[in-house]
Amino acid sequence: MVGTFLPWMRSGSVHRSSYETAALVDHLGVLSHPVLDAVLVGWVALPLTTAVCLVLFAVGRWRSASAVTIALFLAVGTVSTPVLVQGADTDGVVSVSLAGPVTTTVGAVAAITGALGVLGGARKARKVRTAGQETTREQVPDP
């Protein structure tokens, strides 16, 4: 999430975060596709959605938090990765600033990896009832 607040675009001597860039692209109407419009409008909800994920983790709703984290950061990674690839040419008057997209892409990969690990761990620790007796999955032999 930190990467979304770092510079994503450089215009002259002005650096813009992903939020400023999204607002500018939306204002100028450069992209005219319903899905892209939805992404631009929804981009401002990223910090709130990240906070919801953290709260879900804090209250022990690990699977829900992991599912939201995976969905959130797949979307964020889907935006940051092409921007990062496009950012290879940084010589123009208007260009991509690499700090934001690089940090965001690395963070998205780390978040998805962690969420998948939590999902895998939560699945193993799920309690299983056998013959009226409650045991953990690790204690139940695999068939």
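**Exercise 1. Find which residues of helix 4 are exposed on the side away from its buried ones.**

Step 1. Get the terms straight. Helices (H or I, at least four residues) and strands (E, at least two) are DSSP runs, numbered from the N terminus. Buried means under 20% relative accessible area, exposed over 50%, and partly exposed in between, with a 1.4 Å probe and protein chains only.

Step 2. Know your model. It's a predicted one, where local features need pLDDT of at least 70, side-chain atom pairs count only at pLDDT 80 or more, and totals for chains, interfaces and linings use all residues. Residues are numbered from 1 along each chain as its sequence is written, and side-chain values use heavy atoms, with hydrogens and water left out.

Step 3. Pick out the buried residues of helix 4: Leu46, Thr50 and Cys53. They sit on the same side of helix 4, because they cover an arc of only 55° around the axis (the arc is that of the directions from the helix axis to the C-beta atoms).

Step 4. Now flip to the other side of helix 4: Leu48, Val55 and Ala58 are exposed there.

**Exercise 2. Work out what the buried side of helix 4 packs against.**

Step 1. Contact means heavy atoms within 4.5 Å.

Step 2. The buried residues of helix 4 pack against helix 1 (2-5), helix 2, helix 3 (34-42) and helix 5.

Step 3. Zoom in on Leu72: leaving out residues up to four places away in sequence, it touches Leu46, Thr49, Thr50 and Cys53.

**Exercise 3. Name the residues that touch the most other members of the largest nonpolar core.**

Step 1. A nonpolar core is a set of buried Ala, Val, Leu, Ile, Met, Phe, Trp, Tyr and Cys residues joined through side-chain atoms within 4.5 Å.

Step 2. This core has 13 residues, and the ones you want are Trp43, Leu46, Leu72, Phe73 and Val76.

Step 3. Two or more core residues come from each of helix 2 (18-28), helix 4 (46-58), helix 5 and helix 6 (99-125).

**Exercise 4. Is Ser66 buried or exposed?**

Step 1. Locate Ser66: you'll find it in helix 5 (residues 62-86).

Step 2. Check its cover: Ser66 has a relative accessible area of 0%, so it is buried.

Step 3. See who is around. Skipping neighbours within four places in sequence, Ser66 is in contact with Phe57, Ala115, Val118 and Leu119.

Step 4. For the wider picture, buried residues make up 26% of the chain's 143 residues.
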